[in-house]
Each structure stands twice: as C-alpha cells, then as structure tokens.
Amino acid sequence: MTAVPSNSGGAISGKAKIAGVMGWPIGHSRSPRLHGFWLRQYGIDGAYVPLAVAPERAEQAIRALPALGFRGCNVTVPLKEIAYRTVDRLDETARRMGAVNTIVVAEDGALEGGNTDGFGFIENLRAEQPGWTAESGPAVVIGAGGAARAVVVALLDAGAPEVRLVNRTRARAEELAADLAAVGLNGGVTVVDWVSRETALDGAALLVNTTTQGMAGQPALDLSLRALPLAAVVNDIVYVPLETPLLAEARTRGNPVAGGIGMLLHQARPGFKAWFGVEPQVTAELTRFVLAPSVSED
C-alpha cells in the first residue's frame, strides 16, 4: 500500500499553496485523498483541505477565499449553484451547466468559476475506450439531474449528433432540455418517455447512467440492454461499486464499458493545474489509493 498523506504534500512552509473542497457535508469526499496524492507525488509545497460549509454560509466562505490566501477550491453538493451565483467571472462551460465545481482566485483577486465535470466525463471515456468518439452516433443519457446536465453538455460540445434524454419523470427531462436550449444548446436533445427507454437504445453508440441506481445500497437500473448494439459503449458514473449491475450486464453481453471513478479523477486535473502549477496524471496507482479506505474509514 502506498503511504501518501491524504491532504498535503508533506511538510509545508509559510509559502505553501492552499486549495480545498467546499461542501455540506464534506467528510465523505475523496478529493482530499486525490489531491493529496498528487501533492506528494510532485513534491509540491502545498495542501488541499476539506471545508465543511453550510449552504447559508457558502457565499460568505467563497468570498473569503482570497483574504485567506487560498488559490481556489472545488465545490461539491449542495453548493455548486450557490458558487455559480457568487463568483465574479464564469467560463462558458460553467455558464451552460448552470453550476460551478472549480473556483480559481485570479491574480487580481477575482473569483473565476468553472465546471470540469464534463471534462472529466469525456476524458474518462477516452481513456477507458480510446476508440470511442462523440461523433460515433447517438448517445442515450439516463437521468435528468445535475450530473446528466454536465454529461449532455459535454457530449454536445464534443460533437454527438444526438442525445436521447430518458428520465422516469418526463417533465424533469423536458425542463433540462429547455434549460440547455436557453443557453444555446437548442439542437440534438430528444426527450424520451421512460416507457420507451429500451427503444431509445436502438442504434445508439453510447449509453450513460447518471442516476444513483446501481450504487451500493440502491436497486439496479431498471433497463434491459437487448436493443443496444454490441458496439455501443456503456458508461456508469457510479463508482461504488466499481462494477455496477449495468456494467456487469454490458460486459457479459460483449459491450465495451467505462466505469465512473475515472470521471472523478479526471475532473480534478484542471483545478490542480490552476492552483499548484503542475499538470497531474491519472494512473492506476492513484485510482487504487483514492478508492482505498482512509484511516477514518477503517
């Protein structure tokens, strides 16, 4: 087992570069382990700390980042929308996603908000299935929450010719499609009724589950893969367990698959580079370390 501190690069000085992850609650986050691994690996004088901030204090906490000397922070649920409304500048991706998961304190002290969830999703797919391209054909996305929005935006940006959006509650999927149209993504999204979810798989090149179905403690996703072409890639953004029932079924029938842990790892890369000045790499050793139980979880 690799002995790597979970939240720092080792001994730090008064000049240490500081970043963190803000959420409520935050104890479950694997981001401190992830960034801590990289800090140690690259010998950086810095630290990445968990910041437990209640929603009613989030704007105040975000505004305090420059005064406290932070280079920035990640933002997780339920604070992503609050961060979106609080930062001084938004990049185009964050604007279209309607949420911020990465904040960078600029040289002028301004708070710059971005969203790297879509980047992480696409980079994970490319790493797990190098032959896949968004242009390969229609994508079917199950779910209509924040994760689904990030995935749909990323797929359309990457050149997917069509995204078939399937959710148990059609109204919520239609609301998401309307939101995307309002920010300029008004083509390529087709809302499909839940009862027609298997028909939506016909001719698809990619299937993505963005719901919690299949997560440990949750029932499996209620979806037969009979109509899905065997060449289609199946991706589940759930990573506990690493192989969900959906991925197990897909692998058994011969579909190429991509798990969810890579999305978490890859989405962290842009923030780490912005805060600490190094382009980090996602490796098998990193994956094992991030997934291993921490001392507090033993």
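Where does Pro 25 lie? Here are some notes to go with the model, which is a predicted one.

1. **Two cis peptide bonds.** Pro 25 sits in the loop between E1 and H1. Look at the bond just before this proline: Trp 24 and Pro 25 are joined by a cis peptide bond, with omega about 0°. Then jump along the chain to Val 240 and Pro 241, where a cis peptide bond turns up with omega about 10°. Pro 241 is in a loop as well, the one between E11 and helix H8 (245-253).

2. **A helix that is well wrapped.** Next, have a look at helix H1, which covers residues 31-41. Of its 11 residues, 9 are buried, so the helix is largely enclosed by the rest of the structure. The buried ones are Ser 31, Pro 32, Arg 33, Leu 34, His 35, Gly 36, Phe 37, Trp 38 and Leu 39. What does the covering? It includes three strands, E1 (17-23), E2 (46-52) and E3 (70-75), along with helices H9, H10 (269-276) and H11. After H1 comes Gly 43, and its phi is positive, near 60°.

3. **A link from H1 to the far end of the numbering.** One residue to find in H11 (residues 284-291) is Phe 289. Is Phe 289 buried or exposed? Its relative accessibility is 7%, so Phe 289 counts as buried. Now find Arg 33, one of the buried residues of H1. Phe 289 and Arg 33 are 256 residues apart along the chain, yet their C-alpha atoms are separated by 7.7 Å.

4. **The listed binding site.** An unreviewed UniProt entry lists Ser 29, Arg 30, Ser 31, Thr 76, Asn 101, Asp 117, Tyr 239 and Gln 267 under "binding site". How does that list from the record fit the model? The lining of the largest pocket includes Ser 29, Arg 30, Ser 31, Thr 76, Asn 101, Asp 117, Tyr 239 and Gln 267. Try selecting these residues in your viewer before you read on.

5. **Asp 117, up close.** Which helix holds Asp 117? The answer is H5, which runs over residues 117-128. At 13% relative accessibility Asp 117 falls under the 20% cut-off, so this residue counts as buried. Leaving out residues up to four places away in sequence, Asp 117 touches Lys 80, Asn 101, Ala 150, Met 263 and Gln 267. With Lys 80 there is a polar contact between the side chains, at 2.9 Å.

6. **Gln 267, its partner in contact.** Gln 267 belongs to helix H9 (residues 261-267). Its relative accessibility is 9%, which means that Gln 267 counts as buried. Once neighbours within four places in sequence are set aside, Gln 267 is in contact with Asn 101, Thr 116, Asp 117 and Gly 120. The side chains of Gln 267 and Asn 101 make a polar contact of 3.3 Å. Asn 101 is also touched by Asp 117, so it is worth clicking on while you are here.

7. **Two domains and what lies between them.** The chain is divided into domain 1 (17-115 + 263-291) and domain 2 (133-255). Their C-alpha centres lie 27 Å apart. Across the divide, 8 residues of domain 1 are in contact with 11 residues of domain 2. The area buried between the two domains is about 890 Å², and carbon and sulfur atoms give 67% of that. On the domain 1 side, Arg 96, Met 97 and Met 263 lose the most area to domain 2, together 61% of what that side buries. You have met Met 263 already, as one of the residues that Asp 117 touches.

8. **The annotated stretch.** The unreviewed UniProt entry lists residues 138-182 under "domain: Quinate/shikimate 5-dehydrogenase/glutamyl-tRNA reductase". Over residues 138-182, the chain is 58% helix and 18% strand. The end C-alpha atoms of this stretch are 22 Å apart.

9. **Asn 235, a buried polar side chain.** Finish with strand E11 (residues 233-236), where you will find Asn 235. With a relative accessible area of 1%, Asn 235 is buried. What does its side chain pair with? A polar atom of the Asn 235 side chain lies 2.8 Å from the backbone oxygen of Ala 258. Neighbours within four places in sequence aside, the contacts of Asn 235 include Phe 121, Asn 124, Leu 125, Leu 207, Val 208 and Gly 259.

Conventions: Residues are numbered from 1 along each chain as its sequence is written. This is a predicted model: local features need pLDDT of at least 70, side-chain atom pairs count only at pLDDT 80 or more; totals for chains, interfaces and linings use all residues. Side-chain values use heavy atoms; hydrogens and water are left out. UniProt positions are given in the numbering used here, feature names are shortened, and annotations may be inferred rather than shown by experiment. On a 1 Å grid over the protein atoms alone, a cavity is a set of points where a 1.4 Å probe fits but cannot get out, and a pocket is an open set with protein on both sides within 12 Å along at least five of seven lines; lining residues have an atom within 4 Å of a point. Helices (H or I, at least four residues) and strands (E, at least two) are DSSP runs, numbered from the N terminus. Buried means under 20% relative accessible area, exposed over 50%, partly exposed in between (1.4 Å probe, protein chains only). Contact means heavy atoms within 4.5 Å. A polar contact is a pair of N or O atoms within 3.5 Å; within protein, one must be able to donate a hydrogen and the other to accept it, and residues adjacent in sequence count only if both atoms are side-chain atoms. Domain bounds come from an automatic or database domain assignment. Buried area is the accessible area (1.4 Å probe) that two parts lose on being put together, summed over both.
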